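Biologist: Could you walk me through how the pieces of this structure fit together? I have the sequence and the model open, and I'd love to reason through them with you.

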Amino acid sequence: MPDALHRRTPQSRLERLPLLPGFDPRLAPIVDRVRDGTRLSREDGRLLFSTPDVHSVCALADIVRDRLHGDVGYYNVNRHINYSNLCALSCRFCAFHRKRGQDGAYEMTIDEIRAEALKAADAGATELHIVGGLHPWLPFQWYLDLLSTLRDAVPQVHLKAFTAVEIVHLTRIAKRGGEGYDGIRSVLSDLRDAGLGSLPGGGAEVFDDRVHDEVFKGKIRSERWLDVHRAAHEIGLRSNATMLYGHVETRDERLTHLMLLREQQDRTLRAWATGSGVPLQSHPGHDGEVRDAVILTGPGAPHPARPLPTPATSRTGYFQTIIPLPFFPDGSALQHLPGPTGLENLRTLAIARLMLDNFPHVKAFWIMQSLRMAQVMLRSGADDLDGTVVWYDITKLGGQTTHQEAGVADLRRAIREAGLQPVERDTLYRPVRREGARWHSTDHAGLAVAR
Ligand code: SF4
């Protein structure tokens, strides 16, 4: 049952928070800024990381979630397909990749993937999440054929596929327009025309050159990752973003990562915000330069009006969701590291909610956080648990323990126990109405919408 605090409005909860026992008075200016909808600075982020009052950090993030989403907690019904673990790179944190001939190496054919997609569609999946390693010899045409085959086989199912790292790899092998921004955009356009519906958020890790060179040298740097998502947004695709934390990065480097993401989202949403009457705020960026910021989490937050770009109001895509991912050391080249604790996971997710004031959603990816921890995160800033995932291998333990499943009933129960109303969503966060395996997306007034 939600307690008395949770039944209050977000504004009254903000007023009451500094009066609660154990409140760290140094957080009072941050409470004021959240109340007024003012962007938090790097210094604010540092204090949120260093205060012993984790409870207030999580409560603040929960108030922001409440402003945006009220009592809704999202989940989806999806299937992850990792088409191959063969990879040209060898990132040190990765327990997933294999080289040709190595024990455990595999690759699926398009027919095998199609068969998995049909099974998933028969079971009612609304989304296929398709990622793999940087396959050393598959041609670009294989990826186009894969998407068009799936689009024809399961036309109702949304195809969310290929991390930014894979997109840059595809741009290289497509040998069209070079590897620069135009090449990325042209490859994304071809993939979209073949059936790609959106991009997942993987491959971002932590945007910092020191961390990059120490842990995933050879992988694309932050500018290139952001370029891929900028190009995707420009051609109308939405995407997600991740932060894989808890290895060799510092907390300050996590803050830089979050600030770079929100500045990218500012650039994406600025024109839409100006045309939609959403006020802009001047704010210093990660480099101290003052820019116009788009804030979606202030007192006039979207819930329940949800004034975000839609195909009817804007042709731009945008970042929908931040997904903080804790690092699992086991089976990777960094297994001597301890990995983050539960409290650090909770705090990092809450800070992501508070810093990313222009991201509509925060996902507690239960398969990596555990369903128990993800449930607590629903009252610490997260509004989404992700789905009834069947397979998820990347960065998780190797061997026998990668297979995790949760049924719809488990997810709905976890959301209800957190005091929220479970709502099944599609990939674009539209509510889903379902009868068994048959389903359709609706708008937020409950009316059916096209795929
Ligand atoms: S993280 Fe991705 S790019 Fe790096 S080794 Fe693993 S599969 Fe390859």
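Biologist: Glad we can look together. Is the crossing of helix 6 and helix 7 left-handed or right-handed?
Modeller: Happy to help, and bear in mind that this is a predicted model. Helix 6 covers residues 110–122 and helix 7 covers residues 140–153. The crossing of these two helices is right-handed.

Biologist: Are helix 6 and helix 7 roughly parallel or roughly antiparallel?
Modeller: Helix 6 and helix 7 pack with their axes 10 Å apart, at an angle of about 30 degrees. Angles under 35 degrees count as roughly parallel. Therefore the arrangement of helix 6 and helix 7 is roughly parallel.

Biologist: By class, how do the residues of the contact of helix 6 with helix 7 divide?
Modeller: Helix 6 contributes Ile110, Ile113, Arg114, Ala117 and Leu118 to the contact. From helix 7 come Asp145, Leu146, Thr149, Leu150 and Ala153. These residues divide into two charged, one polar and seven nonpolar.

Biologist: Let's turn to the open sheet. Which strands stand at its edges?
Modeller: Three strands form this sheet, with parallel pairing, in the order 11-1-12. Each edge strand has a single partner strand, so one of its sides is left without a neighbour in the sheet. The edge strands are strand 11 (384–387) and strand 12 (421–424).

Biologist: Which residue stands opposite Tyr74 in strand 11?
Modeller: Strand 1 (residues 72–76) runs parallel to strand 11, and two bridges join them. Opposite Tyr74, in strand 11, stands Asp384.

Biologist: What angle does the direction of helix 16 make with that of strand 12?
Modeller: Helix 16 (residues 408–417) packs on the sheet and touches strand 1, strand 11 and strand 12. Its direction and that of strand 12 make an angle of about 140 degrees.

Biologist: Now the hairpin: which residue in the turn has a positive phi?
Modeller: Strand 7 (residues 280–284) pairs with strand 8 (residues 290–294) in the antiparallel sense, over five bridges. Among the partners, His283 is bridged to Arg291 in strand 8. Five residues lie between the two strands, and the one in the turn with a positive phi, about 90 degrees, is Gly288.

Biologist: Last one: by class, what residues make up the shell around the ligand?
Modeller: The residues around the ligand include Cys87, Leu89, Cys91, Cys94, Phe96, Val165 and Phe216. Ser90, His97, Gly133 and Lys219 are also among them. By class, the shell has one charged, three polar and eight nonpolar residues.

Definitions and conventions: Residues numbered from 1 in each chain as written. Predicted model: local features only at pLDDT ≥ 70, side-chain atom pairs only at ≥ 80, totals over all residues. Near = placed C-beta within 6 Å. Nonpolar A, V, L, I, M, F, W, Y, C, P; charged D, E, K, R; others polar. Axes fitted to C-alpha atoms, helices over the stretch in contact; angles between N-to-C directions. Helix = DSSP H or I, 4+ residues; strand = E, 2+ residues; numbered from the N terminus. Parallel < 35°, antiparallel > 145°, perpendicular 65-115°, else oblique. Left-handed = near helix turned anticlockwise from the far one by under 90°. Contact = placed C-beta atoms within 7 Å. Pairing = 2+ DSSP bridges.
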